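Reader: I would like to go through this model by questions, starting with burial and ending with backbone angles. Please give the cut-offs along the way.

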Amino acid sequence: MWQFAERTIRDVFHQFNYKEIRTPIFESTSLFARSIGELTDIVGKEMYTFQDRSGDSITLRPEGTASAIRAYIQNNLGESLPLSKVYYIGPMFRQERPQAGRLRQFHQFGAEAIGSPTAETDVEIIAMTIEIYKRLGITSYSLQINSVGDEECRPKYKEILRDELRKIADQLSTESQKRIDQNPMRVLDSKDENDQKLTASMPLITDHLNEECSKHFERVKALLTAYGIPYTVNGRLVRGLDYYTKTAFEITSTELGSQDALAGGGRYDLLVKELGGKQTPSVGFAAGMERLMMILEKKGITPPKQNPKIFIAAADESSREWVLKTTMALRTNGIASECDLLSRSLKSQMKEADRQQAEFSLVVGTMELESGKALLKNLTDHTQQEISVNDIVGFFNK
Ligand code: AMP
């Protein structure tokens, strides 16, 4: 199932022209602190951080973007191409309380388009994420989008929001009280019901965007509509990572329990510069593999079978060598095939062909080798036909 899902994901990435980037499992701790943000849950509470033998602080990667951008800068990827489109699939680590859909070692697939400021790029990333779920037969998802502003309008909005929050601070949950100063937008995203009621009519960032962010957001929405991608605007959507600017999005599914987020992403125009590169507007997303698996399982979606095309059975001892040689020839010509390696009787070999759910079976003994003809049985519809034993590879290649 994992291979099937991964293959489909890679196919979609390939069709959208994203190339795989493989980065190390661990990086210097400062990389994550600088990119994800010191005040986020990930950096503050969830990272697996160790000292190595030389006393350097290293961290098992909690997400993929920081490493991808580090590699982009270090390898000067921006020099050869104005826009680098990369993807990754691999394990990530966060020290969270394990529960259904939340693990401490989990897997993410994700992509980054590094070097484009356009709304078209945001929508390509969103459309690609959705295409992956569609391709895997998942329909029960919804897309929420927001704009989190930029370095000009966000600080102004945060001040307005802070002032409003301070007025009701003593009624908010302790967690939200702590966030008023550090990250007031997270208060609007609180899971606490009382917090939600208290902040129900608070000003939203979408009403405080500057002209550039507002234009960008309008263009994203228009393009989503033009592409036929349904969405809802959620002015309270903020992501758990500090580096986002302008577009933020999340894909959730009702098929999942309380951990209902399938994927999330957004634009991060300041991150490359923040990590020591040139100003490079970028956008990306990351999605959880385990949560995807949970839905596929729940919906009874199964991968296409990967059974042998043909099982060749030896009718007698003297034809075993021929059977093995022919099975090998089929395999080297790209045709999945199997034969008996346990010196079993013809009857057991036929049972094995059934158990392996081979599409065809062929019994070959001295008689067939002498006449050059054998009966090929279709094990699904039980029809049979005579074929030439000397050209089985040719027969299947046709
Ligand atoms: P994030 O990097 O937090 O935006 O997460 C992106 C996606 O990764 C989420 O929507 C989940 O599907 C998945 N994810 C994040 N954290 C975990 C975890 N601890 N266990 C399993 N999946 C996770």
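**Burial, packing and backbone**

Reader: How many of the 10 residues of helix H13 (residues 289-298) are buried?

Author: Helix H13 is mostly covered. Buried is under 20% relative accessible area, exposed over 50% and partly exposed in between, with a 1.4 Å probe and protein chains only. The model is predicted, so local features need pLDDT of at least 70 and side-chain atom pairs pLDDT 80 or more, while totals for chains, interfaces and linings use all residues. Of the 10 residues in H13, the number buried is 7.

Reader: Which residues of H13 are buried?

Author: Numbering starts from 1 along each chain as its sequence is written, and side-chain values use heavy atoms, without hydrogens or water. The buried set in H13 includes the charged-name pair Glu290 and Arg291. In full, the buried residues of H13 are Met289, Glu290, Arg291, Leu292, Met293, Ile295 and Leu296.

Reader: Which elements do the buried residues of H13 pack against?

Author: Contact here means heavy atoms within 4.5 Å. Two helices, H1 and H6, are among the partners of these buried residues. The strands that the buried residues of H13 pack against are E6 (105-114), E9 (245-253), E10 (261-267) and E11 (282-288), so that the list in full reads H1, E6, H6, E9, E10 and E11.

Reader: What phi does Gly300 take?

Author: Gly300 comes just after H13. Its phi is positive, at about 65°.

Reader: How are H1 and H6 oriented to each other?

Author: Helix H1 (residues 2-15) and helix H6 (residues 119-135) have axes 10 Å apart and pack at an angle of about 140°. Axes are lines fitted to C-alpha atoms, for helices over the stretch in contact, and angles run from 0 to 180 degrees between N-to-C directions. Under 35 degrees is roughly parallel, over 145 roughly antiparallel, 65 to 115 roughly perpendicular and the rest oblique. H1 and H6 are therefore oblique.

Reader: Which residues of H6 meet H1?

Author: The H1 side of this contact consists of Thr8, Ile9, Asp11, Val12, Phe13 and Gln15. On the H6 side, they meet Met128, Glu131, Ile132 and Arg135.

Reader: Which residues of helix H8 does helix H7 meet?

Author: The axes of H7 (residues 153-167) and H8 (residues 174-182) cross at roughly 145° and come within 9 Å. H7 contributes Arg162, Leu165 and Arg166 to the contact. In H8 these meet Ile180, Asp181 and Gln182.

Reader: What share of the residues of the chain is buried?

Author: The chain has 17 helices and 16 strands, and the C-alpha trace spans about 95 × 45 × 40 Å along its principal axes. Among contacts with a separation of 6 or more, residues 24 or more positions apart account for 68%. Of the 398 residues, the share that counts as buried is 50%.

Reader: Is Asn76, with its positive phi, buried, partly exposed or exposed, and what is its relative accessible area?

Author: Most residues other than glycine have a negative phi. Asn76 has a positive phi of about 50° without being a glycine, and is found in the loop between helix H4 (65-74) and helix H5 (77-80). Asn76 is partly exposed, with a relative accessible area of 43%.

Reader: What is the relative accessibility of Ser343?

Author: Ser343, also not a glycine, has a positive phi near 50°. Ser343 lies in the loop between strand E13 (337-339) and helix H15 (346-355); helices (H or I, at least four residues) and strands (E, at least two) are DSSP runs numbered from the N terminus. Ser343 counts as exposed, at a relative accessibility of 58%.
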